[in-house]
Amino acid sequence: MTTAPAAEVIRPPRPHRKGRWGRLVMTSVMVLLLLWFAVLLLWPGLLTGTDPVASSTEYLTAPGGAHPFGTDQLGRDVFSRVVFGAQPVLAASLGGVLLATLAGVTIGIIGGTAPRWLGGVVMRVVDVLLALPVLLVALILIATLGAGVGSIIFALGVAYTPGFARVVEASVRKLRAIEYMQAARLFGSSGLRTAVRHLLPNLATEVLVMASSAIGWAVLTATTLSFLGLGVQLPAPDWGSDLAAGATSLSTAWWLATFPGLAITVTILVANFAGDWVMALSDPRGRRFPTRLRPFRGGSDSLPSAVAVAPGEPAALASAPPTLSIPEESA
Amino acid sequence: MAIAFVFRRLVASVPVMIGITAIAFVLIHLVPGDPARAMLFGSNASPEQVQALREHLGLTKPLWQQYVTFIGQLLHGDLGTSYVTSSPVAQELLSRTPSTLQLTGGAMLVAIITGVPLGLVAGIRPGSVLDHLSRAVSFIGVAVPYFFLALLLVLVFGIQLGWVPAIDDGSLLALIVPAISLGWGYAAILTRLIRGRVIEEYRSEYVKSARARGCSESRILLRHVFRNSSIPAVTMIGLQFGNILTGAAVTEVIFGRAGLGSFLATSITTKNIPVVQGAIVLIGLSYVVINLVVDLAVSAIDPRARVATASD
């Protein structure tokens, strides 16, 4: 299909003029937020002592007092359900993105380094999958696998893989044209060794940025699926299914749907901020944290500019700016 | 030139279509359970009857033969019969298509009429109040899930104020809230995209030269900057079409609209595989067609695109 210059969609913010204090505040806020989400994912019991599935006789009480987010039809505490409902959503979206990253990097490297015919076949298959919307791919897979968090992780992983593979393949092709890659090949470095020693370290920054930018989308897709009843089954708490359940009594008990909905919104917001933050961190032009990402340093620095394109490479690649292209939802 | 370009793009979409039909075809064999049994579910059929139906459906033939039959039927517009209603799937899908297309089109319209002006205004004066406003709008637009936004809008405008029907009644009025909730997120993406492009285009040499030639600012904006900024926007709309279409599926479920999406969703839960297959083919096909149209549109706006694809 069309190769979109999707890089424009998610642009690194320009916080560079904010100075040292601004950066420090930004970093602390991000670290605190990420810690908060880590607690939600790993140890939700730390934030509330109430059991999310324990019913009581306090049916449908409005938010306030002992129940800051109110209670539902069965007298269950909505706050506790929102706290515990984070786990399946975060697990599904993070797991899905992780799976897609691993698969996408592997396929992208194969597509970019394998013999021409094999790479061609692999990338054509990727193109076909790219033509299908993410949600449709996920729906198809869940139709075959059955509902559940595991299915959502797998479905998201498969659905996001083609987009990741395309991005990785494009950078691998660019990287291969650089002198030290050609030197490695001349010195007899095997394909696998070249991939691990030379390609992966240089891809790391880009892959990190790509994955962190995809998390927001993954949260949206994961909650959409559980909203449709294809994720965690009731009575277990989950933002998507709780939102769907609360939707029916929207006019009488607004808090049932509103709090899970707000939780999803805040999560996507934070995920997008975090994605922008990671992108700004790894932006060599920003020079914000020269040493912070040392293991990944050199990644975007060494991504070749337009000059280093192999002869015979499509003109479109040659004229493309050396910015990252982040897959959109469909990718 | 133009015809060669159209032809090349058509040829390029053939493998994609084959792939999509292959995925749709394989699905029936991936889903656990026997389709013949699924069709006869609840009718107390004997094992012989199930076997007879299996043979009738061609499920006993080798896989490749089944695929060839599947493609042959597809080319005749035959998508099989629904397990639930036993009526042709093609007919059932087509009767629900207009509703979905209305919603998809409405959402795209919302995205374009809010995203394009907002992006332009923000891009012309970066750092202005309007720019900050557009940034806030787009950030929230991307973050609020459309199904949550749909519920909030229904609560306020459907239930509290009673301006629009909360549940679909087939009127155009009932389309407004679903279209806004679905289109909002794409408006946000479009705003950021266009803003970035406009800022970039204003820095370019040709704008300087146009100014030097005494071109008016409005002419520079409309004839040069806007035209160049609209190219990635058109591409983005094509790429997002599939997502809007599937997003329409979820929105339809919320508003009780009898469209393609809600039909697909129920068919997945009831394992009505022919319908799921048909929907995949239909959505995949429309995605390919839309992207073809988008590519042609882009090449009409931007002659450079033709050259770029030619060397691809």
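Start at the interface of chain B and chain A, where the rule finds one salt bridge. Select Arg192(B) and Asp276(A): their side chains meet in that salt bridge, at 3.8 Å from N to O. The cut-off is 4 Å, so this pair qualifies. Keep in mind that this is a predicted model.

Now look for polar contacts between the two chains. With both residues held to pLDDT 80 or more, the count between chain B and chain A is zero residue pairs.

**The chain B side of the interface**

Colour chain B by helix. Which helices each supply at least two residues of the side that touches chain A? Select helix 1 (2–30), helix 6 (129–143), helix 7 (146–160) and helix 8 (173–202) of chain B, then add helix 10 (217–255), helix 11 (260–269) and helix 12 (273–301). Helix 10 of chain B gives the largest share, with 10 residues.

Recolour that side of chain B by residue class. Nonpolar residues number 32, polar residues 11 and charged residues eight.

**The whole contact**

Select both sides together. Chain B brings 51 residues to the contact, and chain A brings 50. About 4,600 Å² is buried between chain B and chain A. Carbon and sulfur atoms give 77% of that area.

Which three residues of chain B supply more of its buried area against chain A than any other three? Select Phe139(B), Phe147(B) and Phe148(B): they supply 13% of what chain B buries there.

**Chain B as a whole**

Hide chain A. Chain B has 13 helices and zero strands. Its C-alpha atoms fill a box of roughly 85 × 55 × 30 Å along the principal axes.

Next, colour by domain. The domain assignment gives domain 1 of chain B as 2–75 and domain 2 of chain B as 89–269. Place a marker at the C-alpha centre of each: the two centres are 35 Å apart.

Switch to confidence colouring. Chain B averages a pLDDT of 81, and 92% of its residues score at least 70.

**Chain A**

Bring chain A back, with the same colouring. Its mean pLDDT is 76, and 79% of its residues reach 70 or more. Where in chain A is confidence lowest, and where is it highest? Helix 11 (residues 315–319) of chain A is at the bottom, with a mean of 37. Helix 2 (residues 78–113) of chain A is at the top, at 91.

Select residues 1–8 of chain A. There the pLDDT is below 50, and the model gives this stretch 19 contacts beyond near neighbours in sequence. Then select residues 286–331 of chain A. Here pLDDT stays under 50 too, and the model has 91 contacts beyond four places in sequence.

**A salt bridge inside chain A**

Over all chains, the structure holds 10 salt bridges. Zoom to one of them: Arg81(A) with Asp242(A), whose closest N and O atoms are 3.1 Å apart. Arg81(A) sits in helix 2 of chain A and Asp242(A) in helix 8 (residues 239–247) of chain A. The pair links distant parts of the chain, 161 residues apart. Side chains of opposite charge can pair when their charged atoms come close.

**Last stop**

Zoom out to both chains for the overall scores: ipTM is 0.79 and pTM is 0.79.

Methods
Residues are numbered from 1 along each chain as its sequence is written. Chains are lettered from A and ligands numbered from 1 in the order in which they are written. Side-chain values use heavy atoms; hydrogens and water are left out. Contact means heavy atoms within 4.5 Å. Buried area is the accessible area (1.4 Å probe) that two parts lose on being put together, summed over both. A polar contact is a pair of N or O atoms within 3.5 Å; within protein, one must be able to donate a hydrogen and the other to accept it, and residues adjacent in sequence count only if both atoms are side-chain atoms. Helices (H or I, at least four residues) and strands (E, at least two) are DSSP runs, numbered from the N terminus. Ala, Val, Leu, Ile, Met, Phe, Trp, Tyr, Cys and Pro count as nonpolar, Asp, Glu, Lys and Arg as charged, and the others, Gly among them, as polar. pLDDT is the predictor's confidence in each residue, from 0 to 100. Domain bounds come from an automatic or database domain assignment.
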